[in-house]
Amino acid sequence: MLAQLGEEAKLLAGGQSLIPLMKLRFANPSHLVDLNFVPGTTYIKEENGALRFGALTRHTEIEKSAIAAGVPIIHDCAAGIADVQIRNRGTIGGSLAEADPSGDWATVLLTQKTELHCLSPRGERMIPLPEFITDAYTTALDHDELVREVVVKVPEKGSGGAYLAFKRSAPVYPTASAAVQLTMEGEVCKDAAIVLGCVGLMPVRAKEAEAALRGRSIDGKALAGAMEAAHAAADPQPDMRGSAEYKRSLVAALVKRAIEVAVQRARGQRVEVSHIYA
Ligand SMILES: Cc1cc2nc3c(=O)[nH]c(=O)nc-3n(C[C@H](O)[C@H](O)[C@H](O)COP(=O)(O)OP(=O)(O)OC[C@H]3O[C@@H](n4cnc5c(N)ncnc54)[C@H](O)[C@@H]3O)c2cc1C
């Protein structure tokens, strides 16, 4: 249908980004192609060492899923998105396709090995998440192509992750957020992935912050190094949520807290976290 209706037609999933944009007249599609009636688009399963999410899987279904809870950073993300009404409608596929720089899913899933299986009249192709989001609100999808499935490799043993955001209230996007996935070998950090949210036009991969942890034990000095590097990597816009400097300091503090939780989880401890509200 997308191919027949042309470039002005748009897919409708949960409608939690598209409908507000249409109400504001920022989006004015000629047609809406509603995915909600397509069977077999909502599921969460674990297969061959990967979690597989149907594109129409709602945030709330992921929040409540015992399978998804096996990768705690995924649960952190789903449980913290907006409020329950939005989580009941919004979908993982719609969220990634929207590529909103303030959206939570891309920030979190960029710390994982994530690929999107995308479908068009030309067949199916797999796009790794880092190549999928090409700019703010822009993806590698063709106009007649949709996200069918999101596939996340289960992190190796000894790995732990955490996602923390700072929000003014539940139904708003975060002011800043930090996603951290660490692989520990005893006291030493073998590998680290750190992605910062809401502090750039796209999620920011904080490579220097990762380097500050890799091959070291996570002591005060390593934490300070990661915080400093995250502060430097952030490139936020000042807006009603805060000045650029405020957001830089905030994201550095979130990185520190997320690292501390990730280390505990990598050691097998069960640690519940929730976003921090002003
Ligand atoms: C008040 C409010 C607060 C919010 N707060 C947060 C927040 O804190 N964190 C957060 O992450 N999100 C937040 N959201 C957004 C929410 O998570 C949305 O669910 C999400 O961004 C879009 O998902 P959707 O399924 O609703 O997509 P839709 O709104 O239906 O679609 C969004 C875009 O993606 C396209 N699309 C949808 N599905 C597909 C697909 N399968 N393949 C290709 N293209 C597709 C559509 O054509 C459209 O362009 C908030 C929304 C609102 C209204």
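Mentor: Let's start with a term we need: two strands count as paired if DSSP finds at least two bridges between them. Keep in mind, too, that this is a predicted model.

Trainee: Thanks! In the hairpin of β3 and β4, which residue takes a positive phi?

Mentor: Begin with the strands themselves: β3 and β4 (residues 50-54) pair in the antiparallel sense over four bridges. Within that pairing, E46 stands opposite L51 of β4. The hairpin has two residues between the strands, and the one with a positive phi, near 50°, is N48.

Trainee: In what order do the five strands form the open sheet?

Mentor: The pairing in this sheet is antiparallel. Its edge strands, each pairing on one side only, are β3 (44-47) and β6 (123-128). From one strand to the next, the twist averages 25°. Reading across the open sheet, the order is β3-β4-β9-β5-β6.

Trainee: Which residue stands opposite A50 in β9?

Mentor: β4 and β9 run antiparallel and are joined by five bridges. Look along β9 for the partner of A50, and you arrive at K153.

Trainee: And in β9, what is the bridge partner of C118?

Mentor: Here we turn to β5 (residues 114-120), which pairs with β9 (residues 146-153) in the antiparallel sense over six bridges. H117 stands opposite E149 in β9. For C118, the bridge partner is V147.

Trainee: Now the ligand. Which element gives the most to the shell around the ligand?

Mentor: There are 32 residues around the ligand, and G14, Q16, G90, G94 and A97 come nearest. Elements giving two or more residues to this shell are β1 (9-12), α2 (18-23), α6 (84-89), α7 (92-98), α8 (104-109) and β9. The one that gives the most, with five residues, is α7.

Trainee: By class, how many charged residues has the shell around the ligand?

Mentor: Let's go through the classes one by one. The shell has 17 nonpolar residues and ten polar ones. The charged residues in the shell number five.

Trainee: Which element gives the most to the side of domain 1 that touches domain 2?

Mentor: The protein is divided into domain 1 (2-153) and domain 2 (159-277), and their C-alpha centres lie 23 Å apart. Across the boundary, 20 residues of domain 1 are in contact with 25 residues of domain 2. On the domain 1 side, α5 (72-80), α8 and β7 (133-135) each supply at least two residues. The element giving the most, with five residues, is α5.

Trainee: By class, how many nonpolar residues has the side of domain 1 that touches domain 2?

Mentor: Take the other two classes before the one you asked about. This side of domain 1 has four charged and five polar residues. Its nonpolar residues number eleven.

Trainee: Finally, is the crossing of α11 and α12 left-handed or right-handed?

Mentor: The axes of α11 (residues 220-233) and α12 (residues 244-266) come within 8 Å and cross at roughly 145°. The handedness of this crossing is right-handed.

Trainee: How do the residues of the contact of α11 with α12 divide into nonpolar, polar and charged?

Mentor: From α11 come L223, A226, M227, A230 and H231. The residues from α12 are R248, S249, V251, A252, V255, K256 and I259. Sorted by class, the contact has eight nonpolar, two polar and two charged.

Notes
Residues are numbered from 1 along each chain as its sequence is written. This is a predicted model: local features need pLDDT of at least 70, side-chain atom pairs count only at pLDDT 80 or more; totals for chains, interfaces and linings use all residues. Axes are lines fitted to C-alpha atoms, for helices over the stretch in contact, and angles run from 0 to 180 degrees between N-to-C directions. A residue is near a molecule or strand if its C-beta atom, placed from the backbone, lies within 6 Å of it. Ala, Val, Leu, Ile, Met, Phe, Trp, Tyr, Cys and Pro count as nonpolar, Asp, Glu, Lys and Arg as charged, and the others, Gly among them, as polar. Domain bounds come from an automatic or database domain assignment. Two residues are in contact if their C-beta atoms, placed from the backbone, lie within 7 Å. A crossing is left-handed if the near helix is turned anticlockwise from the far one by less than a right angle, and right-handed if clockwise.
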